[in-house]
Amino acid sequence: MTIVNDQEIVAFIEKLAETGSNYRMDEMEDLYTDDLGFLVLAVDGGIKRFSKSEMFEEFRSRRDAGEKALSTEKRILHIEKQGSDATAILYRRMSDRAAPAFYELRLKRVSGSWKVAGETVLPWPELDTITGFLPPREH
């Protein structure tokens, strides 16, 4: 496993945000694997899974309704690459009317190009409340 600032992956993420935020559906098609799994934390604490076609339908419907483009605001926080797989962690905010989100992109190299095989979207944490994922040591 290699932790990298891989410029090819950074450029892919830039293209992904620009393409998706502007609802360019034909271009988006080439950026995702057919078996995409899009996972979102639901308000009941469960996980909702959306397929590629379900996610694309939401974007298509926003485009067709004349919704304005989404923001491309993001910060790439971490990239790890392992062979033809990679994971990128991002801060992402799609609008000043939308809450910021923690994005995990699961990428796969297919025929020489990166594609999104999965996304997980969680609420962005209040950083001042983070104490760690393990409890403090007792000894």
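Where is the place of S21? In this predicted model, S21 belongs to helix 1, which covers residues 7–21. The relative accessible area of S21 is 1%. S21 therefore counts as buried, since that value falls under 20%. A polar atom of the S21 side chain lies 3.2 Å from the backbone oxygen of S71. S71 is also among the residues that S21 touches. The others are A69, L70, T72 and R92, with residues up to four places away in sequence left out of the count.

The overall fold gives the setting for this site. The protein contains three helices and seven strands. Read from the N terminus, the order of elements is β-α-α-β-β-α-β-β-β-β. The C-alpha trace spans about 60 × 35 × 25 Å along its principal axes. The protein has 139 residues, and 32% of them are buried. Contacts with a separation of 6 or more were also examined. Of these, 47% link residues 24 or more positions apart.

The largest pocket has a volume of about 1,100 Å³. Its lining comprises 41 residues, and F38, F59, L70, M94 and Y103 are the closest to the pocket centre. L70 also appears among the contacts of S21. Several elements contribute to the lining. Helix 1 and helix 3 (52–64) each supply at least two residues. The same holds for strand 2 (32–41), strand 3 (47–51), strand 5 (85–92), strand 6 (101–110) and strand 7 (113–123). By residue class, the lining of the largest pocket holds 25 nonpolar, four polar and 12 charged residues.

Strand 5 also takes part in a strand pairing. Strand 4 (residues 74–82) and strand 5 run antiparallel and are joined by eight bridges. Within this pair, H78 stands opposite I89 of strand 5. The two strands form a hairpin, with two residues between them. G83 lies in the turn and has a positive phi of about 65°. Strand 5 thus appears both in this hairpin and in the lining of the largest pocket.

Key
Residues numbered from 1 in each chain as written. Predicted model: local features only at pLDDT ≥ 70, side-chain atom pairs only at ≥ 80, totals over all residues. Heavy atoms only, no water. Helix = DSSP H or I, 4+ residues; strand = E, 2+ residues; numbered from the N terminus. Buried < 20%, exposed > 50% of the residue type's maximum accessible area, 1.4 Å probe, protein only. Polar contact = N/O pair within 3.5 Å; in protein donor to acceptor, adjacent residues only side chain to side chain. Contact = heavy atoms within 4.5 Å. 1 Å grid on protein atoms, 1.4 Å probe; cavity = no way out; pocket = protein on both sides within 12 Å on 5 of 7 lines; lining within 4 Å. Points joined across faces, edges and corners; volume = space filled by probe spheres on them. Nonpolar A, V, L, I, M, F, W, Y, C, P; charged D, E, K, R; others polar. Pairing = 2+ DSSP bridges.
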